[in-house]
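Subject: The structure we talked about

Hi,

Here is the structure I promised to pass on to you. Have a look at it first, and then read on for my notes.

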Amino acid sequence: MKAMTLKELAKALSLSPTTVSRALNGFPEVSEATRKRVQAAADAYGYRPNMRARSLATGRAMAIGHVIPLASEHEMVNPVFADFIAGAGEVYSKSGYDMLISIVPEAEQERAYEEFKHKASVDGIIVHAPRSGDQRIKLLKAVGIPFVVHGRASKSDEAYSWVDMNNLRAFQRATNFLLDLGHRRIALINGLEDMDFAIRRRAGFEAAHEERGITHDESLMFSGEMTEKFGHDTTAALLARPDAPTAIITSSMIPAIGIRRAIREANLEMGRDVSVIIHDDDLSYLPNGRDDPIFTATRSSVREAGRRAATMLLDIIANGSDTPRTSLMEAELLIGQSTGPAPAHARTTDPV
């Protein structure tokens, strides 16, 4: 069936093509009643705007950029990244925006941002995986492209817009839960600790010990790329120690799969001999069981973070505002099969 043109839609509504175009593109001089009437008719007739024409009318590229440095390339196949992109994509699609993903060597990020600006190929950028003192924030401000950071950059003195999960609070709460169960030798299998999320998760882990006057064992704290192998190999080495931990907290479902494998190989039972708490269990492509969760987890929807970041960025673009905006998401603690009281031989009392 032949697609309806803008002129045909305007004729059906007894409006000028200019009014219809402005209504569909959100121009403020069009009344809300007219905008709703035009949008309803467009939906009813199945009208889809010509994106090239829309771009010319609005002066916008109608696209959002995602620059992925090669040093973080593993994120492209990571279920966490996939869920974020799925959530952001829902928002882009509803607003008529496309997504451009550019994978570049880490040293060439500046060139990639400058090319986006020079070619006017995107209206905004989502910044992924911020590091401590991340220079991309200063760079994007200098380039002059609207952006939102998924996460925060510790030690950055710049004001910027971000969407983040309260990593410190989530891991403080998870650690307190294990301490309440009598565990005192708790291992942390964290992400790379030049990444902001991992810095904050370690801080939460340490804060929970400190507020109770309990000294945490530095030899039980590990950081690395969050793979199944990292989780497995680290846990296997820990369980071979004479002073093995009775509980483990890890930053992702992915290393948790390896942690569970290592526990089984040691002929131990997860939740009885070794308790495990994970983060990021709310993943579409890697579910944590169904009605009865496998892992106790600090749960925060990455897909929802994608929606929030995309919505925030499109609003910044539409309003032309450079006032920084922030959105901090809280994680819930979901109790699963992977945690239980510390084994009797390992229980101690807190210092008085």
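Helix 1 and helix 2 are roughly perpendicular to each other, in what is a predicted model. Helix 1 covers residues 6–13 and helix 2 covers residues 17–24; they pack at an angle of about 100°, and their axes are 8 Å apart. That angle falls in the range from 65 to 115 degrees, which is why the pair counts as roughly perpendicular. If you want to find the place where they meet, look on helix 1 for Leu 6, Lys 7, Leu 9, Ala 10 and Leu 13. On the helix 2 side, their partners are Pro 17, Val 20, Ser 21 and Leu 24.

Now for the wider view. The protein chain contains twelve helices and twelve strands, and its C-alpha atoms fill a box of roughly 80 × 45 × 35 Å along the principal axes. Of the 352 residues, 49% are buried. If you take the contacts with a separation of 6 or more, 69% of them join residues that are 24 or more positions apart.

The domain assignment splits the chain into three pieces that are worth colouring separately: domain 1 (6–10 + 17–49), domain 2 (63–164 + 302–329) and domain 3 (167–300). Between the C-alpha centres of domain 1 and domain 2 there are 30 Å.

Next, the sheet. Six strands make up an open sheet with parallel pairing, and their order is 2-1-3-4-5-11. At its edges you will find strand 2 (98–104) and strand 11 (326–329), each of which pairs on one side only. On average, neighbouring strands of this sheet are turned by 20° against each other, direction ignored. For a closer look, try strand 4 (residues 147–150) and strand 5 (residues 162–165), which pair in the parallel sense over two bridges. There, His 150 stands opposite Val 163 of strand 5.

Finally, the charged side chains. How many salt bridges does the count come to? The total is 27, and a few of them make good starting points.

One is between Lys 119 and Glu 115, with the closest N and O atoms 3.7 Å apart. The two residues are separated by about one helical turn, because they sit four residues apart in helix 6 (residues 109–119). Lys 119 is exposed, at a relative accessible area of 56%, whereas Glu 115 is partly exposed, at 33%.

Another one links Asp 194 and Arg 131, whose closest N and O atoms are 3.2 Å apart. Asp 194 belongs to the loop between strand 6 (186–190) and helix 9 (196–211), and Arg 131 to the loop between strand 3 (124–127) and helix 7 (136–143), so this pair ties together parts that are 63 residues apart in sequence. Asp 194 is partly exposed, with a relative accessible area of 36%.

Asp 273 and Arg 272 also meet through their side chains in a salt bridge, at 2.9 Å from N to O. Here Asp 273 is partly exposed, with a relative accessible area of 22%.

There is also a network to look for: salt bridges with shared partners join Asp 83, Glu 90, Arg 303, Glu 304, Arg 307 and Arg 308.

Enjoy exploring, and do write back with any questions.

Best wishes

How values were computed: Residues are numbered from 1 along each chain as its sequence is written. This is a predicted model: local features need pLDDT of at least 70, side-chain atom pairs count only at pLDDT 80 or more; totals for chains, interfaces and linings use all residues. Side-chain values use heavy atoms; hydrogens and water are left out. Two strands pair if DSSP finds at least two bridges between them. Axes are lines fitted to C-alpha atoms, for helices over the stretch in contact, and angles run from 0 to 180 degrees between N-to-C directions. A salt bridge is a side-chain nitrogen of Lys or Arg within 4 Å of a carboxyl oxygen of Asp or Glu. Buried means under 20% relative accessible area, exposed over 50%, partly exposed in between (1.4 Å probe, protein chains only). Domain bounds come from an automatic or database domain assignment. Angles under 35 degrees count as roughly parallel, over 145 as roughly antiparallel, 65 to 115 as roughly perpendicular and the rest as oblique. Contact means heavy atoms within 4.5 Å.
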